[in-house]
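Please work through the exercises below with the sequence and the coordinates at hand. Each task is followed by a solution in steps.

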Amino acid sequence: MIYNYTFKPEPPRCTGSLSVRSLRFSRAMVFAIEEINNSTELLPGIKLGYQIYDSCVSVPVAVHIAFQLTNRQDPVFHKGENCSQSGVVVAAVGDSASTPSISISSIVGSFNIPLVSYFATCACLSDKQQFPTFFRTIPSDHYQADALAKLVKHFGWTWIGVVHSDSDYGNNGMASFLEAALREGICVEYIESFFRTDPQSKIQRVADVIRSSTAVVVVAFTAIGEMKVLLEELARDPPPRQWIASEAWITDSYLMRFSFCAGAIGVAIQKSVIPGLRDFLLGLSPSEAAASPLLTKFWEEAFNCSLTETSLDKIACDGTADLKTLKSPYTETSQLRITNMVYKAVYAVAHAIQNAVCNETNGLLRCDKHVRLEPKQVLKELKEVNFSKNGYHVSFDANGDPVAFYELINWQKSESGVIEMETVGYYDASLPKGQEFRINRNLTWLDGGTQVPVSVCSESCPPGTRKVLQKGKPICCYDCIPCPEGEISNMTDSPDCFPCPKEFWPNAERDACFHKPVEFLSFDEVLSIILAVFSVSGAFLAVITAVIFLHHRTTPIVRANNSELSFLLLVSLTLCFLCSLTFIGAPSEWSCMLRHTAFGITFVLCISCVLGKTIVVLMAFKATLPGSNAMKWFGPPQQRMTVVVLTFIQVIICIIWLVVSPPFPVKNLTTYKEKIILECALGSAVGFWAVLGYIGLLAVFCFVLAVLARKLPDNFNEAKMITFSMLIFCAVWITFIPAYVSSPGKLTVAVEIFAILASSFGLILCIFAPKCFIILFQPEKNTKKYLMNKN
């Protein structure tokens with residue numbers, strides 16, 4: 001319409017069909033006012049007057065009504081009688097929707113006129129800076145959003161879709177819900193907003209988004225009008241979805257006709273009972289209806305007749321119509337929820353007026369009906385209102401909001417297949433944190449099933465894995481990555497893995513830490529048994545050899561090979577074989593010191609004896625030369641002294657090692673990550689290598705002398721055997737060094753034992769085996785004559 005400013009535009013008018021439910025709200029307000037006017041306990045002697053306006057859920061109409069209130073114009077619908085100050089508006093009840101309430105409150109707030117809404121839930125209206133005179137008997141969407149988020153989280157749904165009305169109610173409500181969902185760790189796949197008057201193409205696009213989404217759960221923060229057009233579109237190809245409803249539409253009987261919404265869950269205003277209201281609603285007579293254009297329209301539509309004049313489409317109402325036979329939202333009083341909010345709003349205003357104009361004297365309540373009551377007085381008293389009516393408490397907090405209490409409603413299919421509302425729990429914001437939410441009955445889910453649907457972007461990560469977010473997706477979309485080696489996670493959906501303590505290692509599932517197995521060369525292992533057998537066998541062989549030599553000690557072959565050093569060598573070899581046993585078993589403080597020092601001293605004793613035998617061979621050869629008296633410098637006393645001195649040097653080295661920094665048992669945690677190696681630490685590495693180096697020095701010296709004596713006459717061929725034995729000995733210990741350094745764990749000990757046994761067997765076999773063979777199997781060679789002839 002184009003305005004040329006030559007005439008006054010007509011005021012905005014309501015269009016569209018009559019909302020019978022809203023009519024019931026207005027009739028409930030009339031009932032409450034008449035009940036108060038007839039009461040002797042509340043406002044005795046004072047009658048409340050009222051004006052009823054229809055805002056049509058339209059902002060222009062609501063603004064027009066707000067200016068009518070502030071300009072104190074004549075009543076539009078009905079005015080109570082006996083008003084002392086006709087036209088003075090001290091309070092307003094309404095509106096039912098958030099957007100019109102915002103418009104009205106913005107205007108009347110400038111005149112200190114309190115506005116008490118029964119259905120405007122937008123959390124934005126709690127802002128006292130913008131809406132200082134706004135109150136409501138219905139909880140704020142701030143609490144509803146929190147309740148819906150907790151409801152979604154309660155059932156483990158972390159991947160949802162959301163749709164909401166493109167209005168103040170839907171936009172602000174959804175903003176509060178998304179904030180609460182973020183706190184609860186809920187992710188949103190899509191957010192779609194729409195309004196009932198949007199083009200059908202947009203409604204269809206929203207429906208297609210719901211159909212194609214992977215989220216099974218859909219939270220709908222919508223008004224009834226938006227939900228109606230959306231479900232009508234979805235009904236063409238209904239997807240299996242679990243609907244989570246806001247209080248605006250969960251109790252609407254029309255929407256329950258959509259069978260694919262069975263299982264919907266939502267929060268609703270508490271169901272209540274208002275004594276006498278049903279009789280008042282049903283007591284509407286044709287004459288009363290004819291006195292009001294709005295009631296006339298309702299009556300004519302309900303009974304398809306005309307109250308005013310006969311028309312071609314309708315017959316005249318004959319007065320026989322009975323509202324008790326009518327099935328309509330107007331007569332439906334079994335689910336009074338919002339209607340009770342209207343009832344409480346009227347009583348809240350009445351109590352505020354009473355507190356402003358009445359005083360209690362001698363137990364009697366006296367009210368001054370001639371006092372000039374100002375809106376700001378009612379505004380002040382509304383803040384202090386605190387009473388109970390029909391068992392329901394009424395009070396307002398600093399933001400003008402009541403204590404939030406919701407019932408949890410579940411749409412369940414009856415045996416006849418009809419969807420019915422069932423109260424399955426509640427949400428009470430006044431309870432301690434974590435206890436607000438209760439479910440006390442079984443629920444049914446989408447399509448009437450009994451199994452809780454699953455709606456997650458990614459399945460939960462089991463213990464032993466950690467969550468890794470998928471690039472470009474919400475935090476609820478992730479991959480499950482096994483924990484790295486040495487780390488565990490012991491809870492579901494762990495964001496990180498953590499390492500086990502030093503002496504612990506993860507199990508195969510990597511969800512728990514266990515003590516690492518302690519490993520050492522124990523006596524019950526096959527390798528240990530084999531080495532021990534060789535060790536004992538070697539010692540036994542040395543003893544047998546000593547017995548053979550002792551039995552044949554007078555024979556030339558024994559006498560010719562320095563029997564005293566031979567026996568001492570056999571004793572030292574026996575000790576060498578037996579000292580390898582000290583390396584087997586769990587290391588202790590004493591065993592660590594014993595094994596290394598025993599090994600060092602016995603081997604030096606052994607090499608000293610071999611060195612003495614080699615020197616004797618060389619000295620004996622020099623003694624046969626003319627004019628030589630070399631043997632007198634290396635007789636038996638000198639031989640014993642040589643062995644003692646050389647061995648004593650090793651003893652001194654070992655004592656210094658044990659005093660300064662002795663070997664000690666230690667748990668090796670670095671060689672293997674998954675197990676502990678119990679081993680002997682060297683203490684002083686210098687001490688260990690000094691012991692080993694001294695043995696090597698003697699062995700090399702002995703080898704050099706043996707090489708020099710290898711071409712001596714055949715009856716002194718022991719030098720050749722010593723050469724071979726020293727060659728084996730040096731080869732074994734040269735290869736031992738890299739093998740010892742590179743062998744991990746208990747194999748280090750095994751390598752050391754092997755080196756001891758190999759070198760010991762090399763000595764006994766090279767030096768004593770040929771002699772024993774002659775003594776036992778070739779006795780004819782064990783004669784002085786044979787030896788002299790060989791020479």
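The exercises treat a predicted model and take up confidence, disulfides, salt bridges and a surface patch.

**Exercise 1. Confidence**

Task: State what the average pLDDT of the protein is, and determine how residues 74–86 should be read.

Solution.
Step 1. The average pLDDT over the protein is 85, and 92% of the residues reach at least 70.
Step 2. Over residues 74–86, pLDDT stays under 50. The model gives this stretch 23 contacts beyond four places in sequence.
Step 3. Where pLDDT is low, predicted coordinates should not be read in detail. The contacts of residues 74–86, where pLDDT is under 50, are therefore to be treated with that caution.

**Exercise 2. A disulfide between C187 and C476**

Task: Describe the link of C187 and C476 by sulfur distance, handedness and place in the chain.

Solution.
Step 1. The S to S distance between C187 and C476 is 2.1 Å, and a disulfide is assigned to sulfur pairs within 2.5 Å. This disulfide belongs to a structure that holds nine.
Step 2. The angle about the S-S bond is 85°, and the link of C187 and C476 is right-handed.
Step 3. C187 lies in strand β5 (residues 187–194), while C476 sits in the loop between β18 (465–469) and β19 (478–482); the pair therefore ties together parts that are 289 residues apart in sequence.
Step 4. Buried means under 20% relative accessible area. C187, at 5%, counts as buried, and C476 is buried with 6%.

**Exercise 3. The neighbouring loop cysteine**

Task: Find which cysteine is joined to C477, and decide whether each partner is buried or partly exposed.

Solution.
Step 1. C477 is joined to C457 by a disulfide with an S to S distance of 1.9 Å.
Step 2. C457 lies in the loop between β17 (437–439) and β18, and C477 in the loop between β18 and β19, so this disulfide ties together parts that are 20 residues apart in sequence.
Step 3. The link of C457 and C477 is right-handed, with 105° about the S-S bond.
Step 4. C457 has 27% relative accessibility and counts as partly exposed. C477 has 1% and counts as buried.

**Exercise 4. Handedness, and a cysteine without a partner**

Task: Determine the handedness of the disulfide of C592 and C680, and establish where the cysteine sulfur nearest to that of C579 lies.

Solution.
Step 1. C592 and C680 form a disulfide, S to S 1.9 Å.
Step 2. The torsion about their S-S bond is about -85°, and therefore the disulfide of C592 and C680 is left-handed.
Step 3. This pair links distant parts of the chain, 88 residues apart: C592 belongs to helix α16 (residues 589–623) and C680 to strand β26 (residues 676–681). Both C592 and C680 are buried.
Step 4. C579, by contrast, is in no disulfide; its nearest cysteine sulfur is that of C576, 5.6 Å away. C579 is buried, at 4% relative accessible area.

**Exercise 5. Salt bridges**

Task: Characterise the salt bridges of K202, R441 and E519, and name the residues of a network.

Solution.
Step 1. Side chains of opposite charge can pair when their charged atoms come close. The cut-off applied here is 4 Å between nitrogen and carboxyl oxygen, and the structure holds 17 salt bridges.
Step 2. K202 pairs with D198, the closest N and O atoms being 3.6 Å apart; K202 is partly exposed at 26% relative accessibility.
Step 3. R441 pairs with E422 at 3.1 Å between the closest N and O atoms. R441 is in the loop between β17 and β18 and E422 in strand β16 (residues 419–428), 19 residues apart. At 43% relative accessibility, R441 counts as partly exposed.
Step 4. E519 pairs with K675, with 2.8 Å between the closest N and O atoms. E519 lies in strand β24 (residues 518–519) and K675 in the loop between β25 (664–668) and β26, 156 residues apart. Both E519 and K675 are buried.
Step 5. Salt bridges with shared partners join D146, K150, E179, R183 and E184 into one network.

**Exercise 6. A nonpolar surface patch**

Task: Identify which residues make the nonpolar surface patch of about 590 Å², and classify V659 as buried or exposed.

Solution.
Step 1. The patch is made by F648, I652, I655, I656, V659 and V660.
Step 2. V659 is placed in helix α17 (residues 636–660).
Step 3. The relative accessible area of V659 is 64%, so V659 is exposed.

Technical notes. Residues numbered from 1 in each chain as written. Predicted model: local features only at pLDDT ≥ 70, side-chain atom pairs only at ≥ 80, totals over all residues. Heavy atoms only, no water. Patch = residues over 30% accessible without salt bridge, like charges linked within 9 Å, V, L, I, M, F, W, Y side chains within 5 Å. Areas by Shrake-Rupley, 256 points an atom, 1.4 Å probe, with all protein chains shown as cover. Salt bridge = Lys/Arg side-chain N within 4 Å of Asp/Glu carboxyl O. Helix = DSSP H or I, 4+ residues; strand = E, 2+ residues; numbered from the N terminus. Buried < 20%, exposed > 50% of the residue type's maximum accessible area, 1.4 Å probe, protein only. pLDDT = per-residue confidence, 0-100. Contact = heavy atoms within 4.5 Å.
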